[in-house]
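Trainee: I have a few labels to check. Can we go through them one by one?
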Amino acid sequence: MSNRILVLYGSYRSDRMGIRLAQFLVDGLRGKGQEVELIDAQAVGLPMLDRMYKEYKPGEAPAAMAELAAKIRAADGFVFVTGEYNWGMQPGLKNLTDHFLEEWFWRPAAIASYSAGRLSGARAATAWHGTLSEMGMVVVSSTLAVGPIGQALSAEGKPTGDSGDALAQAFPRFADDLLWWVEAGREQRARKAPPY
Ligand SMILES: Cc1cc2nc3c(=O)[nH]c(=O)nc-3n(C[C@H](O)[C@H](O)[C@H](O)COP(=O)(O)O)c2cc1C
């Protein structure tokens, strides 16, 4: 059965590289028969956080925020694609994520990190783990860590060289882990309403 998966990415840089990993993940999950949508924070274009979605009166939230809220609520699982700026999260993705709270609840999330260096954004991935847990998602234990991203993926998101081979080899377990929890969560939500 096909699940609805959102792949979320949040660099606003003109020369951004992480879009390659986001594209690789979209392609890979579609290849596993999933219904996948890329949520590109730059394209969604939410403002710096003023009001969270739930703080607007019904019908008054900006259209892009309301549309995204509906997509998050309808999703069965999430992949957060995270780069690392000065050992921390990228603000564009964090800003998008913070606009919502209950919309994220009761679904699993997986983290795929990358960077220009060999540490592959691992410090940002660690920070995201706690944040996503706080926001009501179950973070799956399998992660992807890609670096140097420019050597691992082509502009079209196709694996290249040794780093690309390592990514292609790691992807099936990452996806299968996420999809197992996606299925478990979907069945549990159908069986029993979330407690709050
Ligand atoms: C402001 C800034 C801070 C960065 N800090 C780190 C860092 O702490 N660790 C790291 O491995 N790479 C760091 N880099 C390099 C990024 O990993 C690399 O530029 C990457 O492509 C950024 O993702 P993006 O291209 O999708 O924006 C930094 C880059 C920028 C622009």
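Mentor: Yes. The model is predicted. Start at the surface: Val138, Trp180 and Trp181 make a nonpolar patch of about 340 Å².

Trainee: Why is Trp180 called exposed?
Mentor: Exposed means over 50% relative accessible area. Trp180 has 54%, so the label fits. Trp180 sits in helix H7, residues 161–191.

Trainee: What makes Asp76 and Arg4 a salt bridge?
Mentor: The rule asks for a side-chain nitrogen of Lys or Arg within 4 Å of a carboxyl oxygen of Asp or Glu. Here N to O is 3.9 Å, and the pair passes. Asp76 lies in the loop between helix H3 and strand S3, and Arg4 in strand S1, so the pair ties together parts 72 residues apart in sequence.

Trainee: How do you know whether Asp76 is buried or exposed?
Mentor: Buried means under 20%. Asp76 has 4% relative accessibility, so Asp76 counts as buried.

Trainee: And why is Arg4 called partly exposed?
Mentor: Partly exposed lies between the 20% and 50% limits. Arg4 has a relative accessible area of 39%, so the label holds.

Trainee: What makes Asp40 and Arg16 a salt bridge?
Mentor: The cut-off is 4 Å. Their closest N and O atoms are 2.6 Å apart, and the pair passes. Asp40 is in strand S2 and Arg16 in the loop between S1 and helix H1, so parts 24 residues apart in sequence are tied together.

Trainee: What makes Ser11 a polar contact of the ligand?
Mentor: N or O atoms must lie within 3.5 Å. A polar side-chain atom of Ser11 is 2.6 Å from a ligand oxygen atom, and that meets the rule.

Methods:
Residues numbered from 1 in each chain as written. Predicted model: local features only at pLDDT ≥ 70, side-chain atom pairs only at ≥ 80, totals over all residues. Heavy atoms only, no water. Polar contact = N/O pair within 3.5 Å; in protein donor to acceptor, adjacent residues only side chain to side chain. Patch = residues over 30% accessible without salt bridge, like charges linked within 9 Å, V, L, I, M, F, W, Y side chains within 5 Å. Areas by Shrake-Rupley, 256 points an atom, 1.4 Å probe, with all protein chains shown as cover. Helix = DSSP H or I, 4+ residues; strand = E, 2+ residues; numbered from the N terminus. Buried < 20%, exposed > 50% of the residue type's maximum accessible area, 1.4 Å probe, protein only.
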